[in-house]
Amino acid sequence: MPVAMRVSCLLSATARSFSLSCPAAGPLCCRLLGPGSAVRRNMSSKRQMDHLERTSNNYRQNTLYSAQVCGIINESEAVKRLRIAVHPDFTFKAGQWVDFFIPDVEKVGGFSMCSSPGLLQREGVVELAVKYAKHPPAHWVHTTCTVGSKVAMRVGGEFFFDPSPSEPSVDLLLVAGGVGINPLYSIMLHTADLLRLNQASGGRDYNIGSAHLCYSARNTQELLFKSSIIEACREFPDKLSCDFHVTQQSTDVDLQLLPFVNHGRISEEVLRKHVDPQKTLCYLCGPPPMIESISKTLMDLGLPKDRILFEKWW
């Protein structure tokens, strides 16, 4: 049975969970590989692969959950944020993505959660921020999806931050390009949630280090979640920090954003301030050329490649 037909049948059973054995889709995600990696070269040099092909070897849960869109927000001119009510058994880790199945749409989408596991626990919803594209799943989100639309989702990916209380603290460096902010925003929100838990328990729950976000976009209008990011940094000024980088800004920067905005790409000088080879754990997400460039710079700064995790979006 074709995947699209199978999913259409599954979606008719609302609020149930299902097991699937077939591979599904999402972004490419892995630890940084050595210079001889055929995977990295082939992924960027051959034709653009379908979502299913691209992540056929990635981890994913065995269960597909029915879900329903309960809110739609225009995050920017080109990005819509969906609030999606999910099954009570649905779980994910900050940074992971979902295989996104839509009735009557053959292609399977792959979108990172931009919300925290804490929001799921509190409200029973997850959020996805989807940029407009002609790719059928993204096009459906922007042209057809309404509050009440039913979908199905399955969680996947090894790109996540999920510390246990017993683990030693690490300092996070989060580097995002464009809509690559989604999983890193989830990680930042999760870090803020853990810091709140620590406040409530007097610091007995988690060993939380610092988290710094470097976020690049063409202009400030395309910086997603910027107000919430700044708010989190102000709530925990000794733990959370951020700087925004704009490469094609043609208008004056808003005064409230001005202290956080830098013109130009993320530089070696900026990264150097936040790299400690012994303590830093770096998460990168963005276009492949940016990932390649930032990864090389980080290794030149002495950060071991096994402390650089990345996710590439095409």
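This note sets out numbered points on the fold, the buried elements, the cysteines and the aromatic rings of a predicted model.

1. Overall composition. The protein chain contains 9 helices and 14 strands. Of its 314 residues, 54% count as buried. The chain exposes about 14,700 Å², and carbon and sulfur atoms supply 50% of that area. Among contacts between residues at least 6 apart in sequence, 75% join residues at least 24 apart.

2. Strand S5 and its surroundings. Where in the structure does strand S5 lie, enclosed or open? The strand covers residues 97–101, and 5 of its 5 residues are buried, so S5 is largely enclosed by the rest of the structure. The cover extends to both faces: Trp97, Asp99 and Phe101 are buried on one side, and Val98 and Phe100 are buried on the other.

3. The partners of S5. Strand S5 pairs with strand S6 (residues 109–112) in the antiparallel sense, over 4 bridges. Within this pairing, Asp99 of S5 stands opposite Gly110 in S6. Strand S5 is also joined to strand S8 (residues 150–156) by 5 bridges, and these two strands likewise run antiparallel. Here Trp97 has Gly156 of S8 as its bridge partner.

4. The two sides of helix H7. Helix H7 spans residues 226–235, and its buried residues are Ile229, Ile230, Ala232 and Cys233. These residues cover an arc of only 160° around the axis, and therefore lie on the same side of H7. On the other side of the helix, Ser227, Glu231 and Arg234 are exposed. The elements that cover the buried residues of H7 include helix H6 (181–201), strand S10 (211–217) and strand S11 (240–246).

5. Cysteines. How many disulfides does the model contain? The count comes to 0. A disulfide is a covalent bond between the sulfur atoms of two cysteines. For Cys214, the closest cysteine sulfur is that of Cys282, at 8.5 Å, which is too far for a bond because a disulfide is counted only when the sulfur atoms are within 2.5 Å. Cys214 is buried, with a relative accessible area of 0%. Cys145 also counts as buried, at 9% relative accessibility.

6. Aromatic pairs. A pair of aromatic rings is described by the distance of the centres and the angle of the planes. The structure holds 8 aromatic pairs. One of them is formed by Phe159 and Tyr283, which is edge-to-face, with 5.3 Å from centre to centre and 85° between the planes. Phe159 lies in the loop between S8 and strand S9 (171–177), and Tyr283 lies in strand S13 (residues 280–286), so the pair ties together parts that are 124 residues apart in sequence. Both Phe159 and Tyr283 are buried.

7. A tilted pair and a cluster. The rings of Phe244 and Phe260 have centres 6.4 Å apart and planes at 50°, so this pair is tilted. The pair links distant parts of the chain, 16 residues apart: Phe244 belongs to strand S11, while Phe260 is in the loop between S11 and strand S12 (261–263). Phe244 and Phe260 are both buried. In addition, Phe100, Phe111 and Trp140 form one aromatic cluster. Phe100 is the residue already named among the buried positions of S5.

Note on methods:
Residues are numbered from 1 along each chain as its sequence is written. This is a predicted model: local features need pLDDT of at least 70, side-chain atom pairs count only at pLDDT 80 or more; totals for chains, interfaces and linings use all residues. Side-chain values use heavy atoms; hydrogens and water are left out. Buried means under 20% relative accessible area, exposed over 50%, partly exposed in between (1.4 Å probe, protein chains only). Two strands pair if DSSP finds at least two bridges between them. Contact means heavy atoms within 4.5 Å. Accessible areas come from the Shrake-Rupley method with a 1.4 Å probe; for residues, only the protein chains shown count as cover. The arc is that of the directions from the helix axis to the C-beta atoms. Rings of Phe, Tyr and Trp (its six-membered ring) pair if their centres lie within 6.5 Å; planes under 30 degrees apart count as stacked, over 60 as edge-to-face and the rest as tilted.
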